[in-house]
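Please open the model in your viewer and keep the selection tool at hand. The tour below goes from one selection to the next and says what is there.

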Amino acid sequence: AAVSNQPDGTGTAGEFSVVVSSTSGLAVNQRVTGTGVAAGTRVAGIAGTTVYLDKALTGSPSTDTLTS
């Protein structure tokens with residue numbers, strides 16, 4: 001199942017995190033795809049509305065889709 005999240009515009013190339021409006025339905029080890037996200041990236045951790053990634057962002061994220 002796919003869970004769509006619209007990040008609040010935070011996330012910069014080279015960083016390992018993105019802030020989203022809600023982390024409901026997200027889980028560690030889910031795949032992350034979208035603009036500014038490296039291929040094969042997965043959720044490494046979640047704290048509040050910050051999602052930590054196992055690979056650095058390649059650009060500024062827009063609408064990302066986190067999938068299990």
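Begin with the whole protein chain, coloured by confidence: this is a predicted model, and the chain averages a pLDDT of 81, with 76% of the residues scoring at least 70. Select strand 1 (residues 2-5), where confidence is lowest at a mean of 57, and then strand 4, where confidence is highest at 95. Where pLDDT is low, the predicted coordinates should not be read in detail.

Next, select strands 2, 5 and 4 together, which form an open sheet of three strands in the order 2-5-4, with antiparallel pairing. Strand 2 (17-19) and strand 4 (43-47) stand at the edges, and because each has a single partner strand, one side of each is left without a neighbour in the sheet. Looking across the sheet, you can follow a twist that averages 20° from one strand to the next.

Now narrow the selection to strand 4 and strand 5 (residues 50-53), which pair in the antiparallel sense over four bridges. To find one of the bridge partners, select Ala47, whose partner in strand 5 is Thr50.

Finally, move to Thr41, which is found in the loop between strand 3 (31-34) and strand 4. Is Thr41 buried or exposed? Thr41 has a relative accessible area of 1%, which means that this residue is buried. Show its side chain, and you will see that the side chain of Thr41 reaches the backbone oxygen of Ala38 at 2.6 Å. Leaving aside neighbours within four places in sequence, Thr41 is also in contact with Gln30, Arg31 and Val32, as well as with Leu53, Asp54 and Lys55.

Terms used: Residues are numbered from 1 along each chain as its sequence is written. This is a predicted model: local features need pLDDT of at least 70, side-chain atom pairs count only at pLDDT 80 or more; totals for chains, interfaces and linings use all residues. Side-chain values use heavy atoms; hydrogens and water are left out. Two strands pair if DSSP finds at least two bridges between them. Helices (H or I, at least four residues) and strands (E, at least two) are DSSP runs, numbered from the N terminus. Axes are lines fitted to C-alpha atoms, for helices over the stretch in contact, and angles run from 0 to 180 degrees between N-to-C directions. pLDDT is the predictor's confidence in each residue, from 0 to 100. Buried means under 20% relative accessible area, exposed over 50%, partly exposed in between (1.4 Å probe, protein chains only). A polar contact is a pair of N or O atoms within 3.5 Å; within protein, one must be able to donate a hydrogen and the other to accept it, and residues adjacent in sequence count only if both atoms are side-chain atoms. Contact means heavy atoms within 4.5 Å.
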